[in-house]
Amino acid sequence: MNHCLILLKGLWFFPVDLLMLLDESDYMDLVPLLPTVTRFTLRELDMDEILLNPQLRHDLYFDPNLQFKPNTDGERGTAKRLKTQKYWDKVTCEIENKQHFRIPLLIFEIKQIVKELLPYSQATHSELDANIDVGYVAQVLEHGVFDAVALMRYLAGLLKVNCAPARDEKVDLMVKACEEGRLGESLALCFEVLELMKLDYANHQLTRIRPHVVERAIEFEKNWFKDEIKWNRSTTTQMEAWFKEGYKTLMNPPSTTTTTTASTTSIPTYSKHRPPPLSKVYVHSLISTIHHSQHLNEDDTSSDPTKLPELFSMDISRLQTFRNDFQDIVILASLMMVYRQLCALKTMKENLWVLLNDSDTSLTHIVLEMCRGVGVVRGGGGKEVGEVERGVVLGVVEKTLVPDGKVFGMVLGRVGEVVGGWCERVLDGLSGGGGGGGGASGSGSVGAVNGGVVSQSGVAASVGESDGDSSSSESEAGSSPVKGRVSVLAARTSTVSISDSVASVNSKAGSKRSVELDRAKLAKYGLAELEDEVADLADRMASFCVFNHAVYFELLTGFYEEERGRK
């Protein structure tokens, strides 16, 4: 077939009869002559392909709003747009130079895509064959009497009947471009509409099959991971080391910590005869990974997500989101702590949150807003905040928000303790208690997640290829996390509370789970004003813990018993 491509490009002629004789394997050799959207790339959105895609099923479990979209974001999206534009520029140039050899192939591909898009009907296929006769198109092109407008009008009528009304405007633009003599642009728009139609169908399928995916999620992922091990595509090496390190850390906690005494005195002392529950080891190790793993650093070129424990292989974007949310809460809690020292009023949270979600915000802006609030409190003859005092406040804020500083670490530890405590309670509740071997059983109930972050994967899925840049968080360098987090907060897709129900492993979603945080501890740790934000994070992390823990329960139990039996 390669010599055929050379002949086509050299003679600018396409033997149309060849299309009818080629099977699909041979037809694939003609793909270089086609645009980036073909029937083959669109087939990746078929339901069978979706059900065979472990990452997609996993993301769909956690996100009921997961949607396919054209891959236009990140470096790969940019590369795809440039490639597409270059292709259609070339086609337009060929048409302007009366080189029409590619048009029959494009029209043939359009017809095949339409046949696969529409529900099968012999009558529909016969109508398409009668109205889009590629052999006839080739003949009239050769004689210079091809009526492209009539063809595009026919396609427009067919597409409008079968596509969402939102696509009608683009279909009209397709016809208008052809009527104005821009056939290349018209064909490009036609392929674009077909891609959007396929995306619409696929997104409808995602909604329809999600109950099936959720119901069978744990069983599917258990079997999938067993197959990964069986065929040497994965191991349990890093998972085992990760879990056992967490166990050892709880049994022999470090003598120093960045958290305050208040945040650590509630952690019990464990011993050989009173080991930490399995749920405690799991949650402790998870939160430690979220806080400290360099392999979750989105702006660090040395980070390598493949070096994370294997049980997180499909959750990189989720762990990064948890880390971002922890930082959001810690930053806001730290700023509120400084503000309360300036004045006793508690009315600054909303204003600071707005600023933190603005990509143009700097530490100076935050300090100015805090000082403005202090000035209002001091009003009526009180002393306003002057330039010198603002400088002092700026210094305090900068010192407070240093990631390795004692204050930031203290608040981070406090938030982690509250969130982790709720996750442990949920896991222990599934098995009826938290004894030495306590934890969620692999056959217990699991939280059915009903919300989340649309991302990649992260999770927003893309046509034809996965986008490594799908996570929308991009940290900036700086001594304070605010410098990076401020822009991240503005760029990141908003999150939704994701635990609306509790479902058995093999049953559909049932009753609603409500987060019940320790309010006394929240007040003690200065987090009472952030209860909603902490509860939302705890809710989403608990749902993640329940599912992840249940899938890998047998392995985790094995590691746990090995460590308990070690002398």
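**Figure 1. Glu109 lies in helix 8 of this predicted model.** The view centres on Glu109. Its relative accessibility is 0%, so Glu109 counts as buried. Leu34 is shown with it. Glu109 and Leu34 stand 75 residues apart in sequence. In space, their C-alpha atoms are 8.3 Å apart.

**Figure 2. Helix 6 (residues 54–62) is largely enclosed by the rest of the structure.** Of its 9 residues, 8 are buried. These are Pro54, Leu56, Arg57, His58, Asp59, Leu60, Tyr61 and Phe62. Asn53 caps the N-terminal end of helix 6. A side-chain oxygen of Asn53 lies 3.1 Å from the backbone nitrogen of Gln55. Arg57 also takes part in a contact with a ring: its charged end sits over the ring of Phe220. The distance to the centre of that ring is 3.8 Å.

**Figure 3. Tyr61 and Phe62 form an edge-to-face pair.** The structure holds 17 aromatic pairs. In the pair shown here, the ring centres are 5.2 Å apart. The planes meet at 80 degrees, over the 60 degrees that edge-to-face requires, so the pair is classed that way. Tyr61 has a relative accessible area of 1% and is buried. Phe62 has a relative accessibility of 4% and also counts as buried.

**Figure 4. Trp242 and Tyr282 link distant parts of the chain.** Their ring centres are 6.1 Å apart. Their planes lie at 85 degrees, so this pair is edge-to-face. Trp242 belongs to helix 15 (residues 237–251). Tyr282 belongs to helix 17 (residues 278–292). The two residues are 40 apart along the chain. Both Trp242 and Tyr282 are buried.

**Figure 5. Ring pairs join a set of aromatic residues into a cluster.** Tyr61, Phe62, Trp242 and Tyr282 are among its members. The others are Phe243, Phe312, Phe322, Phe544, Phe547 and Phe559.

**Figure 6. The charged end of Arg39 sits over the ring of Tyr27.** The view takes in these two side chains. The charged end of Arg39 is 4.3 Å from the centre of the Tyr27 ring.

**Figure 7. The second largest cavity has a volume of about 50 Å³.** A search of the whole structure finds 2 cavities of 30 Å³ or more. The lining of the second largest one includes His58, Glu221, Leu311, Ser313, Met314 and Asp315. Phe547, Asn548, Val551 and Tyr552 also line this cavity. Helix 25 (residues 531–551) gives the most to the lining, with 3 residues. Two of the lining residues appear in earlier views: His58 is one of the buried residues of helix 6, and Phe547 is one of the aromatic cluster.

**Figure 8. Asp133 caps the N-terminal end of helix 10 (residues 134–142).** A side-chain oxygen of Asp133 lies 3.1 Å from the backbone nitrogen of Gly135. The buried residues of helix 10 are Val134, Val137, Ala138, Val140 and Leu141. Just after the helix comes Gly144, with a positive phi of about 75 degrees.

**Figure 9. Lys98 and Asn232 have positive phi values without being glycines.** Most residues other than glycine have a negative phi. Phi of Lys98 is near 60 degrees. Lys98 lies in the loop between helix 7 (74–96) and helix 8 (103–117). With a relative accessibility of 67%, Lys98 counts as exposed. Phi of Asn232 is about 60 degrees. Asn232 lies in the loop between helix 14 (217–230) and helix 15. Its relative accessible area is 70%, so Asn232 is exposed.

**Figure 10. Cys545 is in no disulfide.** A disulfide is a covalent bond between the sulfur atoms of two cysteines. The structure holds 0 of them. The cysteine sulfur nearest to that of Cys545 belongs to Cys423, 4.1 Å away. A disulfide needs the two sulfur atoms within 2.5 Å, so this pair does not count as one. Cys545 is buried, with a relative accessible area of 0%. Cys190 is buried too, and its relative accessible area is 0%.

Definitions and conventions. Residues are numbered from 1 along each chain as its sequence is written. Side-chain values use heavy atoms; hydrogens and water are left out. Buried means under 20% relative accessible area, exposed over 50%, partly exposed in between (1.4 Å probe, protein chains only). Helices (H or I, at least four residues) and strands (E, at least two) are DSSP runs, numbered from the N terminus. A polar contact is a pair of N or O atoms within 3.5 Å; within protein, one must be able to donate a hydrogen and the other to accept it, and residues adjacent in sequence count only if both atoms are side-chain atoms. Rings of Phe, Tyr and Trp (its six-membered ring) pair if their centres lie within 6.5 Å; planes under 30 degrees apart count as stacked, over 60 as edge-to-face and the rest as tilted. A charge sits over a ring if NZ of Lys or CZ of Arg is within 6 Å of the ring centre and within 35 degrees of the ring normal. On a 1 Å grid over the protein atoms alone, a cavity is a set of points where a 1.4 Å probe fits but cannot get out, and a pocket is an open set with protein on both sides within 12 Å along at least five of seven lines; lining residues have an atom within 4 Å of a point. Grid points are joined across faces, edges and corners, and a volume is the space filled by probe spheres set on the points.
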